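This report concerns helix packing and residue environments in one molecular structure. The sequence and coordinates are shown first.

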Amino acid sequence: MRTASPRFVFAIVSTGIVLATLDQFIVNIAFPSIERSLGGSVSTLSWVLNGYSIVFAALLVPAGRLADRSGRKRAFLGGVLLFTAASALCAAATSVGLLVAARALQGVGAAVMIPSSLGLLLAAYPPERRAGAVRAWAAVTGASAALGPVAGGLLVQASWRWVFIVNVPIGVAALLVGRRFLPAPAPEHGPVPDLLGAAWLAAAIAALSLALVKGQDWGWAHGRVVGAFVAAAFFGVAFVVRSRNHESPVIELSLLRVRRFALATAAMLLYSAGFAAMLLSTIVWAQTGWGWSPLRTGLLFAPGPLMVPLFAFLGGRLSARAGAGPVSALGCVSFALGLLFWVDRISLVPHWAGDMLPGSILVGTGVGLTLPTLVAVASTSLPPERFATGSGAITMARQVGFTLGVAVLVAVVGTPATADARLHAFRLGWLAAAAASLAAVPLALLLVARRRRVEELVEATA
């Protein structure tokens with residue numbers, strides 16, 4: 001079998017990253033079309049997004065450890081196969097329930113693909129080039145997320161089902177090329193990951209999301225809402241206790257004592273909540289508030305995503321000079337300013353160039369500066385043998401943030417009855433997203449420029 005160059009390995013595993021990330025956000029633009037086709041309220045349809053994110057978040061680290069035990073190449077190809085098959089099921093769904101179930105299955109495939117792709121990438125690059133490879137990997141993730149609405153706008157013109165059908169040929173191609181050219185690092189022997197802990201985590205996030213998205217419909221004091229909050233707390237405590245006592249937990253709590261890692265992970269969770277709320281709210285507003293078609297929405301949203309790869313590259317250069325903290329903080333501020341611009345300028349009368357475009361550019365700039373920087377910091381603040389663990393944990397934090405961001409947005413926006421009420425609700429949604437991003441700024445500024453010593457991890461895990 002031919003040995004692939006590091007760049008070729010990067011190209012192959014990036015296919016999996018694009019599939020998992022693009023499909024998470026491409027669905028946003030299909031929301032109105034899915035609602036017309038399958039029915040259901042916004043709070044119900046939010047599970048099309050959150051079902052994917054919750055499963056993805058809960059299984060990400062355990063799936064990564066299973067990949068280490070069974071072989072990263074085998075795991076990556078298995079994840080691609082499962083994701084591709086689940087995409088076909090999504091396209092064939094005849095009800096919201098079936099679509100949510102198929103999306104959850106997609107989340108399982110993505111949870112296997114992502115950590116194994118990073119493991120293959122780190123194995124292909126020499127130690128001195130791994131930080132750059134991780135940054136590029138994160139930049140692909142950010143660009144894929146931001147470009148989701150653009151691709152979705154093109155596909156939804158035919159049918160919302162095409163946002164899932166398009167994954168099938170891409171997945172098949174990745175399987176064929178990856179099977180032949182990907183390296184096959186030797187499996188590692190280690191304890192079986194904590195799948196029960198992953199179930200507790202998924203239950204906690206799902207219960208909290210349920211309480212948030214149904215709070216307005218059921219009433220915040222209703223027994224079901226209160227019960228969902230209590231269940232979230234119960235499962236959350238069970239998850240923490242399980243993580244403290246299991247030999248291979250979903251989250252190694254001792255790693256949170258590593259200052260840079262903990263700060264970057266917390267900042268990523270807050271920022272990701274704002275990102276998810278921004279993306280869904282902007283897409284839904286353009287189609288329901290301004291009456292734009294999916295294609296027009298996607299194309300006019302494009303200038304923001306185009307900023308992502310440019311500022312991801314510039315962010316790497318700036319981080320080398322000024323440090324990761326100021327760069328990621330600047331990105332969070334830029335992101336929030338874009339949202340505040342929309343709050344001030346967007347009205348019921350559509351005006352793209354003056355009201356939406358400047359905010360889109362600021363938001364895209366913020367994504368490019370923040371996302372790759374925080375991922376690189378979290379991954380490389382740990383010793384080399386913990387790179388994959390660090391990347392898995394911060395990716396999990398991002399998925400949890402996505403889930404909570406969508407849930408909070410649904411709770412804030414609700415179901416306004418008039419056009420003026422809808423505009424007011426979406427302005428509140430953008431304010432909430434900006435607040436989440438700004439809350440990450442102090443955490444980012446606390447990131448020190450130098451890497452923490454390896455001894456810090458040794459002390460933390462002792």
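The text below treats helix pairs, then single helices, then selected residues.

The model is predicted: local features need pLDDT of at least 70, side-chain atom pairs count only at pLDDT 80 or more, and totals for chains, interfaces and linings use all residues. Residues are numbered from 1 along each chain as its sequence is written, and side-chain values use heavy atoms, with hydrogens and water left out.

## Helix pairs

Two packed helices are described by the angle between their axes and the distance between the axes. Here, axes are lines fitted to C-alpha atoms, for helices over the stretch in contact, and angles run from 0 to 180 degrees between N-to-C directions. Helices are DSSP runs (H or I, at least four residues), numbered from the N terminus.

| Helix pair | Axis angle | Axis separation |
|---|---|---|
| H1 (residues 6-26) and H8 (residues 167-181) | roughly 155° | within 10 Å |
| H3 (residues 42-70) and H4 (residues 72-92) | about 150° | 8 Å |
| H13 (residues 303-322) and H15 (residues 352-380) | about 40° | 7 Å |

The axes of H1 and H8 cross at roughly 155°, and these helices are therefore roughly antiparallel to each other; angles over 145 degrees count as such. H1 passes H8 in a left-handed crossing, meaning that the near helix is turned anticlockwise from the far one by less than a right angle, whereas clockwise gives a right-handed crossing. On the H1 side, the contact (heavy atoms within 4.5 Å) is made by Phe8, Ile12, Thr15, Leu19 and Asp23. H8 contributes Asn167, Ile170, Gly171, Ala174, Val177, Gly178 and Phe181. By class, this contact has seven nonpolar, four polar and one charged residues. In this scheme Ala, Val, Leu, Ile, Met, Phe, Trp, Tyr, Cys and Pro count as nonpolar, Asp, Glu, Lys and Arg as charged, and the others, Gly among them, as polar.

H3 and H4 pack at about 150°, an arrangement that makes H3 roughly antiparallel to H4. The crossing of H3 past H4 is right-handed. Tyr52, Ala67, Asp68 and Ser70 of H3 meet Arg72, Arg74, Ala75 and Phe83 of H4. The classes at this contact are four nonpolar, one polar and three charged residues.

H13 and H15 pack at about 40°, and H13 passes H15 in a right-handed crossing. From H13, the contact includes Pro303, Gly304, Met307 and Phe311; from H15, residues including Trp352, Gly364, Gly368 and Pro372 take part. This contact has eleven nonpolar, eight polar and no charged residues.

## Single helices

Helix H17 (residues 419-439) has 21 residues and reaches 30 Å from its first C-alpha to its last, close to the 30 Å expected at 1.5 Å a residue. The expected span is 1.5 Å times one less than the number of residues. Among the buried residues of H17 (under 20% relative accessible area, with a 1.4 Å probe and protein chains only; exposed is over 50% and partly exposed in between) are Phe426, Trp430, Ala433 and Ser437.

In helix H2 (residues 31-38), Phe31, Pro32, Ser33, Ile34 and Leu38 are buried. Glycine 39 follows H2 and has a positive phi, near 80°.

## Selected residues

Valine 18 is found in H1 and counts as partly exposed, at 29% relative accessibility. Not counting residues up to four places away in sequence, valine 18 touches Asp23, Val140 and Ser144. Its partner valine 140 is found in helix H6 (residues 130-156). With the same exclusion of residues up to four places away, valine 140 touches Phe10, Ser14, Ile17 and Val18.

Two residues of H8 may be set side by side. Glycine 178 lies in H8 and is buried, with a relative accessible area of 0%. Outside the residues up to four places away in sequence, glycine 178 touches Ile12, Lys73 and Leu77. Valine 172 also lies in H8 but is partly exposed, at 41% relative accessibility. The C-alpha atoms of valine 172 and alanine 85 are 9.9 Å apart in space, with the two residues 87 apart in sequence.

Serine 53, in H3, is buried with a relative accessible area of 2%. Leaving aside neighbours within four places in sequence, serine 53 is in contact with Gln24, Gln399, Phe402 and Thr403.

Key
Helices (H or I, at least four residues) and strands (E, at least two) are DSSP runs, numbered from the N terminus. Angles under 35 degrees count as roughly parallel, over 145 as roughly antiparallel, 65 to 115 as roughly perpendicular and the rest as oblique.
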